[in-house]
Amino acid sequence: MPTVQIKDEARIGSDARVKLQPSVYLEKLFQTGTPDLSWMNQHGEWGMRAKPGNLGLRLKDIEIGSYGVVPDHGGDHRSMAPRGAVVPSDVPSLGFTINEKAECWADNAMELYEEAVARQWSSARDIPWSELKPLPDDLEHAMCQLCTFLTEVEFIAADAPTRWMSQINQDFLEVKLFLATQAMDEARHTDVFRKRALANGGGLGKASALSQLSLKRIFDSPSFSAQTARLHLLGEGFVLTMFRQGEFIAPSRVDSEIFRRCMQDESRHVGYGTMHLRAQLKARPELAEEIHDQLDDAESILLQLFSVPESVEPMAILLGGGLKHFDQGMEMQANLWRRIVNEYLQRCDSAGLDRRPRCLLPTDFTKLFAA
Ligand SMILES: [Fe+2]
Ligand SMILES: [Fe+2]
């Protein structure tokens with residue numbers, strides 16, 4: 001069997017620190033019949049009663065006493081021992097590499113987690129699939145191609161953040177809980193668009209090398225915050241604005257409902273990313289240059305996406321309401337594009353990133369290829 005090499009120098013513990021030895025405890029217990037009970041004297045802050053609010057016992061309701069203090073620096077033991085518990089000195093390290101709060105924190109993470117839990121939906125039950133009716137060929141082709149693109153890109157927003165999630169110190173559990181809900185949301189988005197492509201007489205269309213390149217760059221981001229800029233601010237922000245215009249894009253009520261539900265989920269993901277970057281840039285303003293470099297690259301790839309017909313034409317057909325209204329659809333796409341860029345720049349402003357002077361994305365759709 002191949003040996004897994006763990007090169008992470010941050011590991012400060014190892015499995016070897018846990019002494020595995022035959023227990024004399026049970027033998028003694030059976031002999032004397034007297035329980036040890038020493039664990040009853042080893043505990044965190046004790047005697048509090050968390051009170052549920054109108055919406056039940058939420059995470060914020062248990063952020064009481066010392067349990068509500070999120071440290072700026074995560075525990076050096078780097079194990080999964082819960083924040084606030086007594087931590088034995090021999091716990092093995094899991095080698096977390098994100099140990100500073102600012103590297104992952106967002107002030108809205110807890111609220112977004114609660115909202116995500118409360119608003120989970122099922123692509124099997126909550127979409128009125130039985131109402132789908134045959135569409136004209138041009139609209140069905142366009143919708144299926146758009147679903148192919150969305151099926152292609154949606155899961156990166158689960159794969160990439162969770163790659164970092166396992167590196168985040170357990171003391172920042174609120175962030176990890178939120179990222180876990182994002183992974184579930186993205187699983188549902190991937191499955192709902194795949195289902196839509198197969199549900200109305202069409203099927204999957206053509207995948208895109210450029211989309212794959214943009215996903216790979218997200219996956220290869222050098223830090224969690226750099227990934228957040230590429231993924232949450234630009235990538236998910238792009239689809240969020242698109243879903244917000246879903247009623248104009250959707251050729252049926254079923255499609256409109258899919259976009260509406262995905263939009264609610266995406267707004268949480270984008271909300272987390274924006275607030276995280278704000279916290280990170282406040283703590284480490286010098287990181288702005290790394291973020292800008294990432295966005296330079298991400299924006300230039302996004303521009304390239306519009307050099308292929310399968311990226312441009314389906315949206316124009318859907319927005320125009322058919323191939324015979326293609327010109328009108330292109331005009332509507334130009335408006336959508338302007339909205340996408342404006343909302344993206346507003347998010348950068350909100351995160352404290354002065355992106356406007358450097359942004360490669362023109363608000364004028366006709367100047368896309370002159371950029
Ligand atoms: Fe998504
Ligand atoms: Fe998302």
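In this predicted model, the residues that bind the iron ion (ligand 2) are spaced along the sequence as E-x49-E-x29-E-x2-H. Those protein donors are E186 (OE), E236 (OE), E266 (OE) and H269 (ND1), and they lie 1.9 to 2.2 Å from the ion. The pair E186 and H269 links distant parts of the chain: E186 sits in helix α5, H269 sits in helix α9 (residues 253-283), and 83 residues separate them. With a relative accessible area of 0%, E186 is buried. H269 also has a relative accessible area of 0%, so this residue is buried.

What is the arrangement of the four donor atoms around the iron ion (ligand 2)? The angles they subtend run from 88 to 155°, and therefore the arrangement is irregular. A set of four donors counts as tetrahedral if all angles lie between 85 and 135 degrees, and the upper end of the range here is 155°. For reference, the ideal angle for four tetrahedral donors is 109.5 degrees.

There is another iron ion, ligand 1. How far apart do the two iron ions lie, and which residue bridges them? The distance between the iron ion (ligand 1) and the iron ion (ligand 2) is 3.2 Å, and E186 is the bridging residue. The iron ion (ligand 1) is coordinated by E154 (OE), E186 (OE), H189 (ND1) and E266 (OE), at 1.9 to 2.2 Å. E266 is thus listed as a donor for ligand 1 and for ligand 2.

Along the chain, the donors of the iron ion (ligand 1) follow the spacing E-x31-E-x2-H-x76-E. Here too the pair of E154 and H189 links distant parts of the chain: E154 belongs to helix α3 (residues 137-154) and H189 to helix α5 (residues 173-198), 35 residues apart. Both of these residues, E154 and H189, are buried. The four donor atoms of ligand 1 make angles of 89 to 138°, and the site is irregular.

Away from the metal ions, charged side chains also pair up. How many salt bridges does the structure hold? The count is 28. One of them joins the side chains of R58 and E111, with N to O at 2.8 Å. R58 lies in the loop between α1 (25-32) and α2 (109-118), while E111 lies in helix α2, so the pair ties together parts that are 53 residues apart in sequence. R58 counts as buried because its relative accessibility is 15%, whereas E111, at 39%, counts as partly exposed.

D297 takes part in salt bridges with two arginines, R217 and R230. The side chains of R217 and D297 meet at 2.8 Å, N to O. R217 is in helix α6 (residues 209-219) and D297 in helix α10 (residues 288-305), so this pair connects parts that are 80 residues apart in sequence. In the bridge between D297 and R230, the closest N and O atoms are 2.7 Å apart. R230 is in helix α7 (residues 224-244), so its pairing with D297 in helix α10 ties together parts 67 residues apart in sequence. Are these residues buried or partly exposed? R217 is partly exposed at 32%, and D297 is partly exposed at 23%. R230, at 5% relative accessibility, counts as buried.

Salt bridges can also join into a network, as they do for E115, R119, D185, R188, D265 and R268.

Technical notes. Residues are numbered from 1 along each chain as its sequence is written. Chains are lettered from A and ligands numbered from 1 in the order in which they are written. This is a predicted model: local features need pLDDT of at least 70, side-chain atom pairs count only at pLDDT 80 or more; totals for chains, interfaces and linings use all residues. Side-chain values use heavy atoms; hydrogens and water are left out. Donors are N, O and S atoms within 2.8 Å of the metal (3.2 Å for Na, K and Ca); water is not among the atoms, so sites may look incomplete. Four donors count as tetrahedral if all angles lie between 85 and 135 degrees; four count as square planar and six as octahedral if opposite donors are over 155 degrees apart and all others between 65 and 115; anything else is irregular. Helices (H or I, at least four residues) and strands (E, at least two) are DSSP runs, numbered from the N terminus. Buried means under 20% relative accessible area, exposed over 50%, partly exposed in between (1.4 Å probe, protein chains only). A salt bridge is a side-chain nitrogen of Lys or Arg within 4 Å of a carboxyl oxygen of Asp or Glu.
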